[in-house]
Amino acid sequence: MDRLCVIITANPPPRLDKALARDVPEEASLSRTRLAKLIAEGAVTRGGEVLSDAKAKVAEGDEIWIDVPEAEDYDVLPQDIPLDVVYEDDDLIVVNKPASMVVHPAPGSPSGTLVNALLHHFGGNLSGVGGEKRPGIVHRIDKDTSGLLVVAKSDRAHHGLAKQFEKHTARRAYLALVHGVPDVGDPRLMGTKGVSAAPGGEITITSGLARHRTDRQKQAVFFDGQGRHAITHARMLEVFGEPPCLTLVECRLETGRTHQIRVHMAHAGHALVGDQTYGGRRRLKESALSEEGFAVADAFDRQALHAAELGFEHPGTGEEMLFEAPLPEDMARLLEALRG
């Protein structure tokens with residue numbers, strides 16, 4: 001158990017939780033979520049009085065004590081699952097996740113996840129995140145999407161990375177193979193609500209994203225103030241077919257919402273190849289592709305989406321970091337067949 005003393009400085013926010021979030025030393029690596037939990041657990045005191053209400057009033061000069069317990073063991077089993085580690089240091093790890101791997105254990109996927117694999121990889125060498133000896137999942141990608149993820153190994157790193165993703169300063173670029181040609185010269189595309197032209201022939205898709213009204217497993221676009229604000233930028237890289245029927249696009253996320261690229265591209269009329277959730281009705285035109293190209297594309301059994309680029313500021317050193325991951329074998333084979 002560590003005891004931390006925090007002196008409330010001038011002009012504090014009226015609430016205890018907000019004042020602590022402002023005045024707790026950065027080296028203590030206590031996130032707002034962690035502080036809220038400690039307050040609720042009775043670990044915060046002033047003059048011997050327990051402050052268990054996050055809305056408690058504080059004043060300049062108050063001496064607040066926080067009892068920070070040692071990180072507890074995490075109730076998820078480590079599993080010896082191979083990992084493609086792109087980078088690792090004491091604060092974080094960057095991995096290239098394969099398609100078919102779930103990021104975090106859930107009722108439908110209690111094991112075989114990235115977290116299970118990371119726990120084995122770390123071998124207990126974790127300082128703790130949120131009071132538990134666990135990896136700090138800052139962002140996620142879908143089970144059947146491949147590519148880059150950064151995971152925190154400490155509270156300090158988790159807090160610093162989470163801030164960047166919250167403020168949308170982290171760089172994330174994806175490669176996707178979509179139906180049709182998302183060309184800014186297409187009147188139908190430009191007439192689609194939420195779609196606009198951007199410099200360099202890019203399109204920008206802006207909407208709210210929230211759960212579908214009838215299918216709770218899906219996300220949907222909204223324009224009436226519902227959902228979380230979401231912005232996707234997409235640019236064409238390569239077009240396939242005669243006449244053109246498929247396009248390799250680069251999608252850059254300004255925000256990172258659940259299924260964002262898949263939902264936005266489907267809304268624009270350019271669903272991802274292989275996406276059974278948002279593009280299941282789209283059919284390839286056999287006569288527009290080579291025999292091999294059609295066969296490989298038609299049999300592609302996951303959304304053709306890969307998190308190819310990830311950039312952020314290192315939460316410990318401040319260094320700008322940028323990572324790239326090559327296309328996985330199945331997507332590389334798909335593009336090769338289409339080019340052939």
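**Exercise 1. Contacts of L118**

Task: in this predicted model, find which residues L118 is in contact with, leaving aside its neighbours within four places in sequence.

Solution. Start at L118 and skip anything within four places of it in sequence. Then keep the residues with heavy atoms within 4.5 Å. You end up with L83, I93, V95, P135 and V151.

**Exercise 2. The core around it**

Task: work out how many residues the largest nonpolar core has, and which elements each supply at least two of them.

Solution. Begin with the count: the largest nonpolar core has 31 residues. Next, pick out those with the most contacts inside this core: L114, L118, Y174, C251, I261, M265 and L272. Now sort by element. The strands that each supply at least two residues of this core are β7 (92–97), β10 (146–152), β11 (171–179), β13 (203–211), β16 (246–253) and β17 (305–313), and the helices that do so are α3 (114–122) and α6 (260–267). Last step: α3 gives the most to this core, with five residues.

**Exercise 3. Packing of α7 and α8**

Task: describe how helix α7 (residues 291–299) and helix α8 (residues 329–339) pack, and say which residues meet.

Solution. Two packed helices are described by the angle between their axes and the distance between the axes, so grab those two values. Here the angle is about 150 degrees and the axes are 7 Å apart. Angles over 145 degrees count as roughly antiparallel, so α7 is roughly antiparallel to α8. For the handedness, the crossing of α7 and α8 is left-handed.

Now for the residues: from α7 you get E292, G293, V296 and A297, and they meet R333, L334, A337 and L338 in α8. Sorted by class, this contact has five nonpolar, one polar and two charged residues.

**Exercise 4. Backbone oddities**

Task: locate the cis peptide bond that joins E242 and P243, then compare H168 and H259: is each buried, partly exposed or exposed?

Solution. Take the cis bond to begin with: omega between E242 and P243 is about 5 degrees. P243 is found in the loop between β15 (228–240) and β16.

On to H168. Phi is near 65 degrees, a positive value in a residue other than glycine. H168 is found in the loop between α4 (155–166) and β11. Relative accessibility is 33%, so H168 counts as partly exposed.

Finally, H259. Phi is near 60 degrees, again positive in a residue other than glycine, and H259 is found in the loop between β16 and α6. The cut-off for buried is under 20%. H259 has 17% relative accessibility, so it counts as buried.

Notes
Residues are numbered from 1 along each chain as its sequence is written. This is a predicted model: local features need pLDDT of at least 70, side-chain atom pairs count only at pLDDT 80 or more; totals for chains, interfaces and linings use all residues. Side-chain values use heavy atoms; hydrogens and water are left out. Axes are lines fitted to C-alpha atoms, for helices over the stretch in contact, and angles run from 0 to 180 degrees between N-to-C directions. Helices (H or I, at least four residues) and strands (E, at least two) are DSSP runs, numbered from the N terminus. Angles under 35 degrees count as roughly parallel, over 145 as roughly antiparallel, 65 to 115 as roughly perpendicular and the rest as oblique. A crossing is left-handed if the near helix is turned anticlockwise from the far one by less than a right angle, and right-handed if clockwise. Ala, Val, Leu, Ile, Met, Phe, Trp, Tyr, Cys and Pro count as nonpolar, Asp, Glu, Lys and Arg as charged, and the others, Gly among them, as polar. A nonpolar core is a set of buried Ala, Val, Leu, Ile, Met, Phe, Trp, Tyr and Cys residues joined through side-chain atoms within 4.5 Å. Buried means under 20% relative accessible area, exposed over 50%, partly exposed in between (1.4 Å probe, protein chains only).
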